[in-house]
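Good morning, everyone, and thank you for making room for me today. I would like to walk you slowly through one structure, so please have a look at it before I begin.

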Amino acid sequence: MRVMNNNNKHTLKLCTLSGTSEIGRNSNFVEYDDEIVIVDAGYSFPGQEMYGIDYLIPNTRYLKKNKKKIKAILITHGHLDHIGALKWMLPELDYPPIYAGGFAKSLIELKMKEYKMDRKVKIFGVDRKSDIAIGKYFKAKFIGINHSIPDAFSIFLQSPNGNLFFSGDFKFDTSPANEPESDYQELSKLKGKIDLALMESTNATVPGKAPSETQISDNLEEIISKYDGRIIVSAFSSLITRLYSLITIAQKTKRKVLLSGRSLDQAILIARENRYINVDDSIFIRDKDIHKYPDNEILILCTGSQGERFAALNRISLNEHKFIKIKKGDLVIMSSSEIPENITKIEKLTDRLIALGADLMKDSVNMKIHSTGHGNQEDIKAMLDLTQPRNVMPVHGSLTFRYFHKLNLQKWGFRSDEIFLTEDGQTWEFNGSYWKRGTKIESKPILIDGLGVGDIGDIVLKDRKQLSEFGIFTVILNLSSKTKRIIGRPKFLSRGFIYFKNSQSLLNEIQNCIFDTHRDWERDSIQHKKYEEEALKTALEKQLSKLIYKKTEREPIILIAII
Ligand SMILES: [Zn+2]
Ligand SMILES: [Zn+2]
């Protein structure tokens, strides 16, 4: 397909639009002539400084302007950092056709139904044999790999003037749970054909090989089969392979399964629909029936391994769960990793569980009960050995991770000019021989707060930040409609700012400040023969925030209500 004579070939363009320098919000696109193909459309979760924002999605400005060119959205796998933004991107881009593996397809369809978009969405299933012509120019080959969700793919995308390889999230598992191994043969067929490989970097700093899911499953089985009490396992609902292992173990050890957490219900539903998990309905029990079974016949599968406030495990630890109460003899198994910013929260959670009498087991070097779905250094090297790309672009990781990824690549024989460290929004152009940096397009993520697309501005964010840090202070002022004098005393309300009981002297000062400001306003108004209440509000806000800052060094939101 790749033609060496490039005289009348157009430039192939790649844009690493989003998710390049983090784990989340993945979306890249490739442009050739009047055609665009998008690979993945994920969302990410906001940092702690973004109050009230639910998700961040890739910037769609360029794509929207060029939406007539978009021929397809290809999906590597069904994790939300790769499909989560479809809900918002699809309507903006006039619903281009989506190509996704069975599992991702079911997950997308479920969401689309939820949002009543299912009639507009065109989605085609792909499998390990799919090699699809897209538009006039592109061909996409889906190659089966292992990750932590079934039907995960690497994608080989061919154009008339250069070919790209998207590794997707992958590891090489030599004994995967209930799915075939990565398709080594198809991967090795790409030798010599890849002009640029985008490789994930999640575990680029971890030496060795990622442990197999079967090893984890064996360890879990050993623990569970020896235990007499109730077992409570917390796992990520996105780790479908682990859910399969746990339910299979429950079946083998004759335990009933109680699912606690909505995302778990959905994941299991999809896994059963796709016949990935084949069990009888009778294995599942409802939480209110838990007392009907002896302790050694119960396995509770729940969410909340990161100490999330409203997840099942946290509610259990706070003794807030209606049916699941921790008692002596319960074993809590944390079959998950700890995301660094959650470590304190997780420890508080496990403290509470232990205090209630539970035994606890966490993943450790000696007893592996969690494995990553992302390849370590040896997996990454194996992928490169198989596919032998000419150039490599580390993605899906912070710059630090990608930097170390680059060092590994150099150690493995790549020249530094064959390795590209990119940024969000950066375009790259290929003339048939060489890649060069192109222009940068707008890539600032769009903020979603569950209401609509991009309807949250910086001002709203600032308000939310202020509110969460300093609270709110409200003044209610009763003005006579005739004389514009203040009737009675101003009333105050405060949330998260000060306790009135302890702040009498401050409140007195605030009251004096209000009377002073009002007096000035009254004098001005008489002079101008016009009473403007808005001007009074503004002046009060200004004077009060100055005073409050001076006295308390805090900046609550100040609201003035004139009645
Ligand atoms: Zn993934
Ligand atoms: Zn990912």
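Let me start with the zinc ion that is ligand 1, whose protein donors are His 77 through NE2, His 79 through ND1, His 147 through NE2 and Asp 169 through an OD atom, lying 2.2 to 2.4 Å from the ion. Please keep in mind throughout that this is a predicted model. The angles among the four donor atoms of ligand 1 run from 89 to 169°, and the site is irregular. If you follow the chain, the donors of this ion have the spacing H-x1-H-x67-H-x21-D. The pair links distant parts of the chain, since His 77 sits in the loop between strand S5 (70–74) and helix H2 (80–83), while His 147, 70 residues apart from it, sits in the loop between strand S9 (138–145) and strand S10 (152–159).

Are these two histidines, His 77 and His 147, buried or exposed? His 77 has a relative accessibility of 1% and therefore counts as buried, and His 147, with a relative accessible area of 3%, is buried as well.

Now to the second ion. Asp 169 bridges the zinc ion that is ligand 1 and the zinc ion that is ligand 2, and these ions lie 3.5 Å apart. Ligand 2 is coordinated, at 2.1 to 2.3 Å, by Asp 81 and Asp 169 through OD atoms and by His 82 and His 396 through NE2. Along the sequence, the spacing of these donor residues reads D-H-x86-D-x226-H. Why is the arrangement around ligand 2 irregular? Its four donor atoms subtend angles of 94 to 156°, and that makes the arrangement irregular. Of its donors, Asp 81 counts as buried at 14% relative accessibility, and His 82 is buried too, with a relative accessible area of 3%.

Let us leave the metals and turn to helix H6, which covers residues 213–226. With 14 residues at 1.5 Å a residue, H6 should span 20 Å, and because its end C-alpha atoms are indeed 20 Å apart, the expectation and the model agree. The buried residues of H6 are Glu 213, Ile 216, Ser 217, Asn 219, Leu 220, Ile 223 and Ile 224. Viewed down the axis of H6, these buried residues fall within an arc of 165°, so they line one face of the helix. What do they pack against? Their partners are helix H7 (240–252) and the strands S13 (231–234), S15 (298–302), S16 (331–334) and S17 (359–362). At the start of H6, a side-chain oxygen of Ser 212 comes to within 3.1 Å of the backbone nitrogen of Thr 214.

My last topic is the backbone angle phi. Most residues other than glycine have a negative phi. Asp 33, however, which is not a glycine, has a positive phi of about 55°; this residue lies in the loop between strand S2 (27–32) and strand S3 (35–39), and at 31% relative accessibility Asp 33 counts as partly exposed. Tyr 95 also has a positive phi, near 50°, and lies in the loop between helix H3 (86–92) and strand S6 (98–101), but Tyr 95 counts as buried, at 11% relative accessibility. Finally, helix H11 is followed by Gln 388, whose phi is positive and near 45°.

How values were computed:
Residues numbered from 1 in each chain as written. Chains lettered and ligands numbered in written order. Predicted model: local features only at pLDDT ≥ 70, side-chain atom pairs only at ≥ 80, totals over all residues. Heavy atoms only, no water. Helix = DSSP H or I, 4+ residues; strand = E, 2+ residues; numbered from the N terminus. Expected span 1.5 Å × (residues − 1). Buried < 20%, exposed > 50% of the residue type's maximum accessible area, 1.4 Å probe, protein only. Arc of directions from axis to C-beta. Contact = heavy atoms within 4.5 Å. Polar contact = N/O pair within 3.5 Å; in protein donor to acceptor, adjacent residues only side chain to side chain. Donors = N, O, S within 2.8 Å, 3.2 Å for Na, K, Ca; no water. Tetrahedral: all angles 85-135°; square planar, octahedral: opposite > 155°, others 65-115°.
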